[in-house]
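Here are my notes on this one, in the order I'd go through them with the structure open. Shout if anything doesn't match what you see on screen.

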Amino acid sequence: MAQNPLPQNEGGYGKPLGNKQGKNLTGFCKIILMKLGIRVVYELIRTDEIMEIIVIAARADEEVYDIAAKRRN
């Protein structure tokens, strides 16, 4: 993930998010690490090669989207 956090449409591993459970997460991406059982929601900031991780949560836990939306604000 850290080696290629770009969205899938740019050749990376991140799946772009839009509206999830009524929350606007446009601009965020997610990567699911199945072996570790976690979901990472992040925003790629394209300056100085920085990736800002918004929240990491259990893969099956949809609460990750609520937390990400709150942190965006």
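1. A cut-off to begin with: a residue is called buried under 20% relative accessible area, exposed over 50%, and partly exposed in between. K23, at 25% relative accessibility, therefore goes down as partly exposed.

2. Bear in mind that this is a predicted model. The mean pLDDT of the protein chain is 78, with 84% of its residues reaching 70 or more. Confidence is highest in strand β1 (residues 15-16), at 88, and lowest in β6, where the mean is 70. I'd keep the β6 value in mind when reading the point on the core below, since β6 (50-58) is one of the elements that supply at least two residues there.

3. On the overall layout, the protein chain has one helix and six strands. Going along the sequence, the order is β-β-β-β-β-β-α. Of the 73 residues in the protein chain, 29% are buried. The accessible surface is about 4900 Å², and carbon and sulfur atoms account for 49% of that. As for contacts with a separation of 6 or more, 30% are between residues 24 or more positions apart.

4. Now the strand pairing. How many bridges join strand β4 (residues 28-33) to strand β5 (residues 38-45)? There are six, and the two strands run antiparallel. L33 has I38 as its bridge partner in β5, and I32 has R39. The two strands form a hairpin with four residues between them, and G37 in that turn shows a positive phi of about 70°. On another pairing, β4 also runs antiparallel to β1, with two bridges joining them; here P16 stands opposite C29 of β4.

5. Which residues make up the largest nonpolar core? Ten of them: L17, L25, F28, V41, I54, A57, V64, Y65, A68 and A69. β6 (50-58) and α1 (63-72) each put in at least two residues, and α1 has the largest share, with four. In soluble globular proteins, nonpolar side chains tend to be buried together.

6. Y65 deserves a look of its own. Besides being a member of that core, Y65 has a side chain in polar contact with the side chain of K30 (3.2 Å) and with that of R39 (3.4 Å). So where do these two partners sit? K30 is in strand β4, and R39 is in strand β5.

7. Are K30 and R39 buried or exposed? K30 has a relative accessible area of 10%, so K30 counts as buried. R39 is at 6% relative accessibility, so R39 is buried as well. Setting aside residues up to four places away in sequence, K30 touches Y13, G14, K15, L17, K20, R39, V40, V41, Y42 and Y65. That list includes R39 and Y65, and L17, V41 and Y65 are among the core residues.

8. Back to K23, which lies in strand β3 (residues 23-24). Its side chain makes a polar contact with the side chain of D66, at 3.0 Å. K23 and D66 are 43 residues apart in sequence, yet their C-alpha atoms are 7.4 Å apart in space. Beyond its neighbours within four places in sequence, K23 is in contact with G18, Y65, D66 and A69. Y65 and A69 also appear in the core.

9. Two more residues of helix α1 to check. E63 is in this helix and is partly exposed, because its relative accessibility is 42%. E63 and Q21 are 42 residues apart in sequence and 9.8 Å apart from C-alpha to C-alpha. R71 is in α1 too, and its relative accessible area of 54% is why R71 is classed as exposed. R71 and I54 are 17 residues apart in sequence, with 7.0 Å between their C-alpha atoms. I54 is one of the core residues.

Conventions: Residues are numbered from 1 along each chain as its sequence is written. This is a predicted model: local features need pLDDT of at least 70, side-chain atom pairs count only at pLDDT 80 or more; totals for chains, interfaces and linings use all residues. Side-chain values use heavy atoms; hydrogens and water are left out. Two strands pair if DSSP finds at least two bridges between them. A nonpolar core is a set of buried Ala, Val, Leu, Ile, Met, Phe, Trp, Tyr and Cys residues joined through side-chain atoms within 4.5 Å. Buried means under 20% relative accessible area, exposed over 50%, partly exposed in between (1.4 Å probe, protein chains only). A polar contact is a pair of N or O atoms within 3.5 Å; within protein, one must be able to donate a hydrogen and the other to accept it, and residues adjacent in sequence count only if both atoms are side-chain atoms. pLDDT is the predictor's confidence in each residue, from 0 to 100. Contact means heavy atoms within 4.5 Å. Accessible areas come from the Shrake-Rupley method with a 1.4 Å probe; for residues, only the protein chains shown count as cover.
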